[in-house]
Amino acid sequence: EEMGRGGDNRQEMRVCPLTKRRVDMHSFCNPSGFQRSPYLSARGNYANIFHGSTEEGYKAYHADKYDEDKNPNGIINFGTSENKLCFDLMSKRLTQNDMNLMEPSLLQYPDWKGHLFLREEVARFLTYYCKAPAPLKAENVIVLNGCGSLFSALATVLCDPGEAVLIATPFYDGITQSVFLYGNVKLVYVYLDSKITGTNTRPFQLTVEKLEKALQDARAEGVTVRALILLNPQNPLGDIYSLSELRDYLEFAKRHELHVIVDEIYMLSVFDESATFHSVLGMDRLPDPQRTHVMWGITKDFAVSGIRFGTLYTENQDVANAVASLCYFHGVCGTVQHKVAQLLKDRDWINQVYLRANHARLKAAHTYVTDELKTLGVPFLNRNAGFFVWIDFRKYLKTGTFEEELLLWKRFLDNKVLLSCGKAFECSEPGWFRIIFADKTHRLQLGMQRIRKVLEEREQEILAEEKEQPCQSDQDGKADSTDEVIFVSRHQEPTCASSSNLGDLIGLLQQQMRSSDWLQKNTAEQFA
């Protein structure tokens, strides 16, 4: 579902930002260096561009894949969001006798929404794990071959060609492809940043004010926005929205008659007991149930990205029927539907065996990677959900540009480790990277060694450049602005070499204080 598209050329090849317009939105244009095929329609050419531009890193990885025995100098993939920690548990469970059924009904065309036995099991599963206040109904469940297909179907039935959907950045950018290729639906970006201000209590915080501004800017430009996409837990940030935040976002959407598509595909991948996930389906009252549509799939939570299964829950039967009409193109084969139903039904195994082991393994892997980052003095968002850490490599960019970010990404790849850079997620600030930590220990260790090597070399280069070009005094009036030169990884003025170490230390301590949950856990009430 999600490839290692960290260093792709999609910025140059297929997406043109409308920089002169007030609305932050990406439109699709003819890339200057791309040869149009005479054999394809305009849409076919766009599809061709997508295919060619999105997988540079992934292609390199498959051509030179790391193997402990056969190719120890190959590329380690920290770019694809897959859980590689539980193949042993899943392969054992999926090959047990109850999984192997071959009867006529499974070999015939199903109800296009999915076999009833599966939709009933999905409804029971979501009722339990989403803590729904009342039993969810099978008639509101639709089954497709993955959440990418669900995004495509929903965009197509909720929006007309040329209309748009609101989404906060950074976000998993496969959504761009999903909503555009079939439906010709575009995205309006709500840009988030890392600054801590009066209204931003955490980095990259989504607020209703930011949603309102992006929506009004889009409308002022004549763009029709039909829906809002929420990712919870959020990819790549790892944020989990509180109940009050969810209600605020849903109330905002209701005020503007926007549909809300909530992607909860990482809901069972919250690996620390200190964090609590709240599903939209667990809310006592939805502000606008006819415009609220929730997605989930087994790809992430059950570590089976090769099994294409996604499910939609919506109370709106018009939406359900419209999406179901597209299930003809995106169906799940009968034998897989049987296996998924058996899996979701086995509550004891899920709770007592799988989730316990999966959460423990995710937590251990996350701890290893974040401890390595702390040792390197690299700031990051310390979250407890998903398979990824959002890392701040801005101090390794001399000029703080996306071009330099891409060069750093390619440098990692040259040193045989694949990451995803912030531009791939439409991050507004150059220098942020996503690393996938849900991997075996020996690959994590070797991958982090390679990352350390690149960063240490880059640090030495920057120090050498600073010695050759020492900071000019303020009296000169010619010092580079902070917008152009970022020596450190926080939002502060560039410092001369003599004081940069102290500035780095202070900034790192501030970052660690912000990312710590000590204050939340140790309130005045608890001390009293």
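## Glutamate 461 and the salt-bridge network of helix 15

In this predicted model, glutamate 461 is partly exposed, with a relative accessible area of 29%, whereas arginine 458 is buried, with a relative accessible area of 11%. The side chains of arginine 458 and glutamate 461 meet in a salt bridge, with 3.0 Å from N to O. Both residues lie in helix 15 (residues 441–468), and because they are 3 residues apart there, about one helical turn separates them. An α-helix has 3.6 residues a turn, so residues three or four places apart point the same way.

The pair does not stand alone, for salt bridges that share partners join Glu404, Arg411, Lys453, Glu457, Arg458 and Glu461 into one network.

## Other salt bridges

The structure holds 27 salt bridges, and two further examples differ in their surroundings as follows. Arginine 93 forms a salt bridge with aspartate 98, in which the closest N and O atoms are 2.8 Å apart. Arginine 93 counts as buried, at 3% relative accessibility, while aspartate 98 is partly exposed, with a relative accessible area of 30%.

Lysine 363 forms a salt bridge with glutamate 273, and here the closest N and O atoms are 3.6 Å apart. This pair links distant parts of the chain, since lysine 363 belongs to helix 13 (residues 347–376) and glutamate 273 to the loop between strand 8 and strand 9, with their positions 90 residues apart. Lysine 363 counts as partly exposed, at 30% relative accessibility, and glutamate 273 counts as exposed, at 67%.

## Strand 8 and its parallel neighbours

Strand 8 (residues 259–263) is mostly covered, with 5 of its 5 residues buried. The cover extends to both faces of strand 8: His259, Ile261 and Asp263 are buried on one side, and Val260 and Val262 are buried on the other.

Strand 7 (residues 225–231) runs parallel to strand 8 and is joined to it by 5 bridges; within this pairing, leucine 228 has valine 260 of strand 8 as its bridge partner. Between these two strands the chain passes through helix 9 (residues 243–255), and the resulting β-α-β crossover is right-handed. Strand 8 is also joined to strand 9 (residues 292–297), again in the parallel sense, by 4 bridges, and the bridge partner of valine 262 in strand 9 is valine 294. The two residues of strand 8 named in these pairings, Val260 and Val262, are on one side of the strand.

## An open antiparallel sheet

An open sheet is formed by 3 strands in the order 11-14-13, with antiparallel pairing. Its edge strands are strand 11 (388–392) and strand 13 (420–421), each of which pairs on one side only. Strands of a sheet pair through backbone hydrogen bonds, either parallel or antiparallel.

The contact between strand 13 and strand 14 (residues 432–436) is antiparallel and comprises 2 bridges. Serine 420 stands opposite arginine 434, which lies in strand 14.

## Helix 6

The 12 residues of helix 6 (residues 147–158) should span 16 Å at 1.5 Å a residue, and the end C-alpha atoms of the helix are 16 Å apart, which agrees with that expectation. Helix 6 is mostly covered, with 9 of its 12 residues buried. The buried residues of helix 6 are Cys147, Ser149, Leu150, Phe151, Ser152, Ala153, Leu154, Ala155 and Leu158.

## A nonpolar surface patch and a long-range contact

Tyr109, Trp112, Tyr328 and Phe329 form a nonpolar patch on the surface, and together they have about 560 Å² of accessible area. One of these residues, tyrosine 328, is found in the loop between helix 11 (317–326) and helix 12 (334–345). Tyrosine 328 is exposed, with a relative accessible area of 51%, and the reason for that label is that exposed means over 50%.

Phenylalanine 117 is found in helix 5 (residues 116–129) and counts as partly exposed, at 33% relative accessibility. Although phenylalanine 117 and glutamine 337 are 220 residues apart in sequence, their C-alpha atoms are 8.9 Å apart in space.

How values were computed. Residues are numbered from 1 along each chain as its sequence is written. This is a predicted model: local features need pLDDT of at least 70, side-chain atom pairs count only at pLDDT 80 or more; totals for chains, interfaces and linings use all residues. Side-chain values use heavy atoms; hydrogens and water are left out. Patches are made of residues with over 30% relative accessible area and no salt bridge: like charges are joined within 9 Å, nonpolar side chains (Val, Leu, Ile, Met, Phe, Trp, Tyr) within 5 Å. Accessible areas come from the Shrake-Rupley method with a 1.4 Å probe; for residues, only the protein chains shown count as cover. A salt bridge is a side-chain nitrogen of Lys or Arg within 4 Å of a carboxyl oxygen of Asp or Glu. Buried means under 20% relative accessible area, exposed over 50%, partly exposed in between (1.4 Å probe, protein chains only). Two strands pair if DSSP finds at least two bridges between them. A crossover is right-handed if, with the strands pointing away from the viewer, the path from the first strand over the helix to the second runs clockwise. The expected span of a helix is 1.5 Å times one less than its number of residues.
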